[in-house]
Amino acid sequence: MNGLRTVLVCLVIMCVALVSPAAAVTPGWSALPVPAAAPPVSVAHLAARGPDEAWATGAEQSADGPRPVLYRWNGTAWSRETAFPGAGEPGRLGKVRFVGDETWIFHARGGDGEILRRSAAGWSALPLPRTLWTYQDFTAVPGAAWVIGEDDTGLKVLHHDGSRWTEQDTPDDVLYLMGITARSATDAWAWADTSTGTTVLRWNGSAWRDANVPLPPDSNVHTILLEPSGRVTIGGSRYVDGAARAYLMRWNGHGWHTTHPALGDASTEAMVRGPDGALWLPVRSDRAFQSKYARVQGTRTTFSYGPERTNAIDVRPRALTRAGSSVLSFGTVEIYGSKPNLMSERLGG
């Protein structure tokens, strides 16, 4: 009887392996230690050049107000970077972009804006041509960089062509630019608030024009993913019966296709394309001691949880990025009796 039971157990194991081999090798999320900052801590952005280099930006608390924090992932561990200009002064860091062999990071410092540039020779700073009231977003590619915001005269689009700064005009009905991203110096996209609602704009190398994206009615845009293949994915939310509902729009080379994955009112701002080809984003967790992530592949949406954290009352991944064959997450965790501090998690690797 024992021998027969052993044979049956072996057969079951073999069948499971044959029917769903991916389930047997799919890795889970693991926690990555992050050197602590002065709480409460905020997270701004996370970007990776590859499996051995990623950068995370944020701010910690100081007596003089928020102070920028910068962390680097080397493929094995997170370390804190303190050699950049203005590291010990009040300010904040924004988005990270990779321009050739350099790393560019937006830095608001004492009201002024600048772009920090890290090369093999070390850190340098590229100051903006004027001070803005608000610095809304930043992006950079080889041969071009943009900073968008406002001053007392209204909307400003500051453009750097590799040698000098200029100001760019937008269509007359644009009231405010909420975000910007670029694939090349002649292909940039921005999402704007206009007199008729949210609109997607596109830079063609000479002018900003309406991209004629048929956004859902009563909607806004959280992010636009531009990929080298030409694929474009827009994530946002719309109001249906008074409640926010996430949507995705995909450009297939011929037209736009809109879907409403099972994401509820989740923000798609931190959405990335994972190494498995699916879209990944953090969502609000129903477990106080674990983070939660959504994976969207076509019409199917699945969820996974991060590692359990002892005594945690709020675990919030704020930014995701693809790092080689892994997905990296960076955010905050609040342990009972303390203020939120930094945390990082990894899927795969």
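This report describes the overall build of a predicted protein model and then its salt bridges.

The protein contains 28 strands and 2 helices, and its C-alpha trace extends over about 85 × 50 × 40 Å along the principal axes. Its radius of gyration is 22 Å, which agrees with the value near 20 Å that a compact globule of 349 residues would have. Of the 349 residues, 47% are buried, and the accessible surface amounts to about 17,000 Å², with 51% of that area belonging to carbon and sulfur atoms. When contacts between residues at least 6 apart in sequence are considered, 41% of them join residues at least 24 apart.

The protein carries 33 positive and 33 negative charges, whose mean positions lie 8 Å apart. The structure holds 18 salt bridges, including the three listed here.

| Salt bridge | N to O distance |
|---|---|
| Arg67 and Glu60 | 3.0 Å |
| Arg284 and Asp265 | 3.5 Å |
| Arg316 and Asp314 | 2.8 Å |

Arg284 sits in the loop between β23 (279-283) and β24 (292-297), while Asp265 sits in the loop between β21 (256-259) and β22 (272-273), so this pair ties together parts that are 19 residues apart in sequence. Arg284 counts as exposed because its relative accessibility is 65%, whereas Asp265, at 45%, is partly exposed.

In the pair of Arg67 and Glu60, Glu60 counts as buried at 5% relative accessibility, while Arg67 counts as partly exposed at 24%. For the remaining pair in the table, Arg316 is partly exposed with a relative accessible area of 41%, and Asp314 counts as partly exposed at 26%. Elsewhere, Arg130, Asp151, Lys156 and Glu167 are joined into one network by salt bridges that share partners.

Conventions. Residues numbered from 1 in each chain as written. Predicted model: local features only at pLDDT ≥ 70, side-chain atom pairs only at ≥ 80, totals over all residues. Heavy atoms only, no water. Helix = DSSP H or I, 4+ residues; strand = E, 2+ residues; numbered from the N terminus. Rg over C-alpha atoms; globule rule 2.2 N^0.38 Å. Buried < 20%, exposed > 50% of the residue type's maximum accessible area, 1.4 Å probe, protein only. Contact = heavy atoms within 4.5 Å. Areas by Shrake-Rupley, 256 points an atom, 1.4 Å probe, with all protein chains shown as cover. Lys, Arg positive; Asp, Glu negative; His and termini not counted. Charge placed at Lys NZ, Arg CZ, Asp CG, Glu CD. Salt bridge = Lys/Arg side-chain N within 4 Å of Asp/Glu carboxyl O.
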